Amino acid sequence: MNEREWLQEKRAERIIRNLSKNCMNGHYFASARDAVPEILRHIPGGSVVGLGDSLTLQQTGIIAALEKGDYHLLNPWAEQDGERKVEMQRRIFTADVFVAGTNAITLEGELINMDGRGNRVAAMIFGPKKVLVVAGTNKIVPDREEGFRRIREIAGPANAQRHRWFPKDMQPPCATTGFCSDCKPPATICCALTVIRGQRVDKDRIHVFLIAEELGL
Ligand code: SF4
């Protein structure tokens with residue numbers, strides 16, 4: 001293990017300790033290849049599994065693995081029809097398991113996210129009985145302020161660029177400029193800013209899988 005890997009591991013250990021204090025669970029893996037089987041181990045066969053829109057889930061191969069497994073998959077992002085997509089996003093609230101990424105995770109063990117519609121953060125907060133959050137160590141930030149800054153400077157503009165297939169009047173300016181100008185609806189993809197500080201009960205509900213790779217946006 002080199003010095004950089006050692007440092008990542010120490011940061012991950014601190015996050016996992018703090019997630020536990022916040023009634024959540026943390027797991028750390030050196031690679032996505034190590035993480036995926038463990039993530040699948042948390043999903044019983046036959047489960048209804050909802051997916052949040054996440055580049056991390058694509059890059060790690062989790063979506064491909066779920067597609068091959070014994071699951072009933074709800075993947076709104078594979079749905080082309082707008083109404084059916086929203087209907088599926090609603091059905092996800094009663095799924096057995098929700099799998100999603102996160103925009104940032106603080107050393108205090110908090111999950112920071114910004115959503116356009118809010119379907120992802122709503123499902124993370126309440127709904128599916130189990131929530132599995134997958135994140136590269138590039139999502140680690142020291143505190144909430146840095147998490148908000150990460151969303152403004154990196155995740156927001158990069159996600160806007162990723163969604164440049166949106167109709168013209170729904171295109172945020174940062175999709176072109178690369179910089180946040182605090183845009184407003186209907187163009188903005190930044191409508192619901194959430195901090196999940198923890199849960200009151202059900203410690204087994206939220207599991208965070210930290211992977212020592214640069215993943216997602
Ligand atoms: S310009 Fe708009 S969509 Fe882009 S990061 Fe800023 S608030 Fe979000």
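Two strands are said to pair here if DSSP finds at least two bridges between them, and that convention is used throughout this tour of a predicted model.

**The whole chain**

Begin with the complete protein in cartoon view, where the secondary structure comes to eight helices and 10 strands. The radius of gyration is 17 Å, close to the 17 Å that the globule rule gives for 217 residues, so the protein is as compact as a globular protein of that length. If you orient the view along the principal axes, the C-alpha atoms fill a box of roughly 45 × 40 × 30 Å. Buried residues make up 40% of the 217 residues, and among the contacts with a separation of 6 or more, 76% are between residues 24 or more positions apart.

**The four-stranded sheet**

Next, select β8, β5, β6 and β9, which in that order form an open sheet of four strands with mixed pairing. At its edges stand β8 (140-141) and β9 (192-196), each with a single partner strand, so one side of each is left without a neighbour in the sheet.

Now narrow the selection to strand β6 (residues 111-115) and β9, which run antiparallel and are joined by five bridges. Two positions help to fix the register: Ile112 stands opposite Val195 in β9, and the bridge partner of Met114 in β9 is Leu193. Turn next to helix α7, which packs on this sheet and touches β5 (104-106), β6, β8 and β9; the direction of α7 makes about 35° with that of β6.

On its other side, β6 pairs with β5 in the antiparallel sense over two bridges, and in β6 the bridge partner of Ile105 is Leu111. Follow the backbone from one strand into the other, and you pass through a hairpin with four residues between the strands, in which Gly109 takes a positive phi near 80°. How many of the five residues of β6 are buried? Four of them are, so β6 is largely enclosed by the rest of the structure.

**The ligand shell**

Keep α7 displayed and add the ligand, around which there are 14 residues. Those that come nearest are Gly156, Pro172, Cys174, Cys180 and Cys190, and these five are a useful set to label in the viewer. Which element gives the largest share of the shell? Helix α7 (residues 144-162) does, with four residues. Colouring the shell by class should show nine nonpolar, three polar and two charged residues.

**The six-stranded sheet**

Hide the ligand and select the other strands named here: an open sheet of six strands has the order β1-β10-β7-β4-β2-β3, with parallel pairing. The edge strands are β1 (25-29) and β3, each of which pairs on one side only. Neighbouring strands of this sheet are turned by 20° against each other on average, if direction is ignored.

Start at the β1 edge, where five bridges join β1 to strand β10 (residues 206-211) and the two run parallel. Label Gly26 here, as Gly26 stands opposite Val208 in β10. Helix α1 (residues 3-21) packs on the sheet and touches β1 and β10, with a direction that makes about 165° with that of β1.

Moving across the sheet, you come to β7, which is joined to β10 by six bridges in a parallel arrangement; the bridge partner of Gly136 in β10 is Ile211. Strand β7 (residues 130-136) has six of its seven residues buried, so β7 is largely enclosed by the rest of the structure. Strand β4 (residues 97-100) also runs parallel to β7, and four bridges join them. To see this pair in register, select Ala100 and Val133, which stand opposite each other, Val133 being in β7.

**A last stop in a loop**

Finally, centre the view on Ala78, which lies in the loop between β3 (72-74) and α5 (82-91). Is Ala78 buried or exposed? A residue counts as exposed if 12 or fewer other C-beta atoms lie within 10 Å of its own, and because Ala78 has 12 C-beta neighbours inside 10 Å, Ala78 counts as exposed. To relate this position to another residue, draw a distance from Ala78 to Gln89: the two are 11 residues apart in sequence and 12 Å apart in space, C-alpha to C-alpha.

Note on methods: Residues are numbered from 1 along each chain as its sequence is written. This is a predicted model: local features need pLDDT of at least 70, side-chain atom pairs count only at pLDDT 80 or more; totals for chains, interfaces and linings use all residues. The radius of gyration is taken over C-alpha atoms; the globule rule is 2.2 Å times the number of residues to the power 0.38. A residue is buried if 20 or more other C-beta atoms lie within 10 Å of its own, exposed if 12 or fewer, and partly exposed in between; C-beta atoms are placed from the backbone. Two residues are in contact if their C-beta atoms, placed from the backbone, lie within 7 Å. A residue is near a molecule or strand if its C-beta atom, placed from the backbone, lies within 6 Å of it. Ala, Val, Leu, Ile, Met, Phe, Trp, Tyr, Cys and Pro count as nonpolar, Asp, Glu, Lys and Arg as charged, and the others, Gly among them, as polar. Axes are lines fitted to C-alpha atoms, for helices over the stretch in contact, and angles run from 0 to 180 degrees between N-to-C directions.
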